[in-house]
Amino acid sequence: MSQGRLGALQQTLADQQVQGFLIPRCDEYQNEYVPASDERLAWLTGFTGSAGLAAVAHNRTGLFVDGRYTLQAAQQIGSQPIEQGNLAPADIADWLCKALREGDTLGYDPRLHTEPGLAPLKKRLDECGIHLRALDANPVDVIWNNRPAAPCGPARPHPLTFTGEDSASKRQRIAAQLTEKKQDALWLANPEVCAWLFNIRGSDIPHLPVALSMGFLYRDGSAVLYFAESATSDALRQHLGREVDIVHDKAELFAAAERQHVQKVWIDPLLTNCWTMHELRNREMHILQERDPITLAKARKNAVELEGSRAAHIRDGAALCEFLAELPAAVAGGAHDSGFGELEAVNLLRGKRELREGFTDDSFDSISGYRGNGAIVHYRVSPQSSLPMRAEGIYLIDSGGQYPDGTTDVTRTVVLGEFPPQAREHFTRVLKGHIAIAALRFPQGTCGEQIDAFARKALWDIGLDYAHGTGHGVGSFLSVHEGPQRIGKASTNVALEAGMIVSNEPGFYLTGEYGIRIENLVFVKESQNYPGFLEFEELTMAPIERQLIDPALLSDGELDWLNRYHEKVRETLMPLVNEQTRDWLAMATAPLIRN
């Protein structure tokens, strides 16, 4: 962030008669990944993480991030006059109450915030005599010269061979819940719910294959959808059919709902921005605020989606293995001129994935961390930060691919040469936590927070932990981070159900030294031998680094799990990798035994 940008922002705030402003890292759809035109937080502060918020008040600026981004934020802030804090609402509110004065007004863009998100801040600000005000124009946009244009690429039909259920069936299934709730319409708040409900995909957002859209689903199963005019085509209209109207003005959505005599609307308060709430209330519509039923429906993958995910993970695993097999030689070859580093590793892996059928994009920006950079949980490599890699130390690669039949996400921690001796115990304890989740059997109705401790116990035993969740949901050619299910310390009250895909990714991070994470995707299935219980089945196919394992720390059951997993990986991938990789794969998956 330059002082010039901050000064210009302060002047714009004065013009709008507010003394402060909030800059969240999101867009009007509450997407995790956002188009370049919505990267306001990065443009103002330099912070590029996927979660964060900045606050500007008088002559102070604060950047608030969670535990995943503490180190990254500090690096990217650098010497800028920005105070760093915790993303927790209470901490943000305390900072604002100190930075602003009684009687001041804090502005916000109502399209970028939800009412539940603002509620904790508003309560505390009210106590401090500070007012919140929605602004018509975002002051960052006012001063952002050469701001990228908003994306408006084509919306594409997603075939039944990948979805396993046609859109008409989905619409009727969700509409039945509207009838049960006695609601006239469901507000479709963001592109992900629209993509699932209407079986459409696009390319408007990096790594998230959606077309920007929102709309209403009516109780009879018909709908109205907003798309940019350039996103529509005859093929899209034919795919959607006569029961789905398309409009090119967001305000027209509400006019269309009024023509349908909509009086009662079901909205998801966590997905619906404040601007939409204002539009609904202005039309005196009665609002039911509950979790969007589509969110849970798309989390329960059907048989076609699960089979597609298996196939995508096999192709993706073969690409990852070829990358890992070639990595040591690439590192050695670049050692003379520092020509191979973290960024080149990303490009090498991307090239391997591009050779696999159906690959369309990375599912997120790869986390390629060598040595100390691996300890930055969500490190994003850049030409400026990329470390040259040597035949020594530990390297962490967290990456994934988007394929029409599935979304992948996998982390492997690998040895490039001599490494600190304590890393072996750290890695093995992370592995013990990974196996504890992978092998777990649990009763139906169990939530992710109820099993999170299994992943952490081996680390807790020696006074260690990690500052991120253990698992997140994953979509089907949709977002790599999908709710409502997750595994973590925080309460969700969301039971894990058959068909849900979730990551299993415990880790450990030694600042300045190395990062360790082992991540597979698994899906929940019913236990065949124990009625009323659920289990996990592996989707990810890739070896786990054997050189970092201390077999003495593994139980017989854990050692057996590891060897059975490696046997499955070897048998599945051996026919799909190149000849050079076959020898590597045989060694990487060889049975591990105690000395």
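Mentor: Two strands pair if DSSP finds at least two bridges between them. Keep that in hand, and keep in mind that this model is predicted.

Trainee: In S5, which residue is the bridge partner of phenylalanine 21?
Mentor: Start with the strands. S1 and S5, residues 105-108, pair in the parallel sense over 2 bridges. Within S5, the partner of phenylalanine 21 is glycine 107.

Trainee: In which sense do S1 and strand S2 pair, parallel or antiparallel?
Mentor: S2 covers residues 53-57. Glycine 20 stands opposite alanine 57 in S2. Over 5 bridges, S1 and S2 pair in a sense that is antiparallel.

Trainee: Which residues of S1 are on the side opposite Gly20, Leu22 and Pro24?
Mentor: In a regular strand the side chains alternate between the two faces of the sheet. S1 spans residues 20-24, and 5 of its 5 residues are buried. Both faces are covered. Opposite Gly20, Leu22 and Pro24 are Phe21 and Ile23.

Trainee: Which residues of S2 point the other way from Leu53, Ala55 and Ala57?
Mentor: S2 is mostly covered, with 5 of its 5 residues buried. Leu53, Ala55 and Ala57 point one way, and they are buried. Pointing the other way, and buried too, are Ala54 and Val56.

Trainee: Which residue in S3 does alanine 54 stand opposite?
Mentor: S3 takes in residues 60-65 and runs antiparallel to S2, joined by 5 bridges. In that strand, the residue opposite alanine 54 is leucine 63.

Trainee: S2 and S3 form a hairpin; which residue in the turn has a positive phi?
Mentor: The hairpin leaves 2 residues between the strands. One of the turn residues has a phi of about 55°. That residue is histidine 58.

Trainee: Is leucine 9 buried or exposed?
Mentor: Leucine 9 lies in helix H1, residues 3-15. Leaving aside neighbours within four places in sequence, its contacts are Leu44, Val56, Pro139, Val140 and Ile143. Its relative accessibility is 0%, and the cut-off is under 20%. So leucine 9 counts as buried.

Trainee: What separates the C-alpha atoms of leucine 9 and alanine 93?
Mentor: Along the chain, leucine 9 and alanine 93 are 84 residues apart. In space, their C-alpha atoms are separated by 21 Å.

Trainee: Which helix do the buried residues of H4 pack against?
Mentor: H4 runs over residues 89-99, and its buried residues are Ile92, Ala93, Trp95, Leu96, Cys97 and Ala99. They pack against strands S1, S2, S3, S4 (83-86) and S5. The helix on that list, at 115-127, is H5.

Trainee: Which peptide bond is cis, with omega near 10°?
Mentor: Look in strand S23, residues 482-487, where proline 484 is found. The cis bond leads into that proline. It runs from glycine 483 to proline 484.

Trainee: Is histidine 261 buried or exposed?
Mentor: Histidine 261 has a positive phi of about 60° although it is not a glycine. Its place is the loop between helix H11 (250-259) and strand S13 (264-267). Its relative accessible area is 66%, against a cut-off of over 50%. So histidine 261 is exposed.

Trainee: Does phenylalanine 477 count as buried or exposed?
Mentor: Phenylalanine 477 also has a positive phi, about 50°, and is not a glycine. It sits in the loop between strand S22 (471-473) and S23. At 4% relative accessibility, phenylalanine 477 counts as buried.

Trainee: What radius of gyration does the chain have?
Mentor: The chain has 19 helices and 28 strands. Its C-alpha atoms fill a box of roughly 75 × 55 × 40 Å along the principal axes. With 595 residues, a compact globule would have a radius of gyration near 25 Å. The chain agrees, at 25 Å.

Trainee: What percentage of the 595 residues do buried residues make up?
Mentor: Take the outside, then the inside. The chain exposes about 23600 Å², with carbon and sulfur atoms supplying 49% of it. Of the 595 residues, the buried share is 58%.

Trainee: Among contacts between residues at least 6 apart in sequence, what percentage join residues at least 24 apart?
Mentor: Contact here means heavy atoms within 4.5 Å. Count the pairs at least 6 apart, then ask which are at least 24 apart. That share is 71%.

Trainee: How far apart are the mean positions of the positive and negative charges?
Mentor: The chain carries 58 positive and 78 negative charges. Take the mean position of each set. The two are apart by 2 Å.

Technical notes. Residues numbered from 1 in each chain as written. Predicted model: local features only at pLDDT ≥ 70, side-chain atom pairs only at ≥ 80, totals over all residues. Heavy atoms only, no water. Helix = DSSP H or I, 4+ residues; strand = E, 2+ residues; numbered from the N terminus. Rg over C-alpha atoms; globule rule 2.2 N^0.38 Å. Buried < 20%, exposed > 50% of the residue type's maximum accessible area, 1.4 Å probe, protein only. Areas by Shrake-Rupley, 256 points an atom, 1.4 Å probe, with all protein chains shown as cover. Lys, Arg positive; Asp, Glu negative; His and termini not counted. Charge placed at Lys NZ, Arg CZ, Asp CG, Glu CD.
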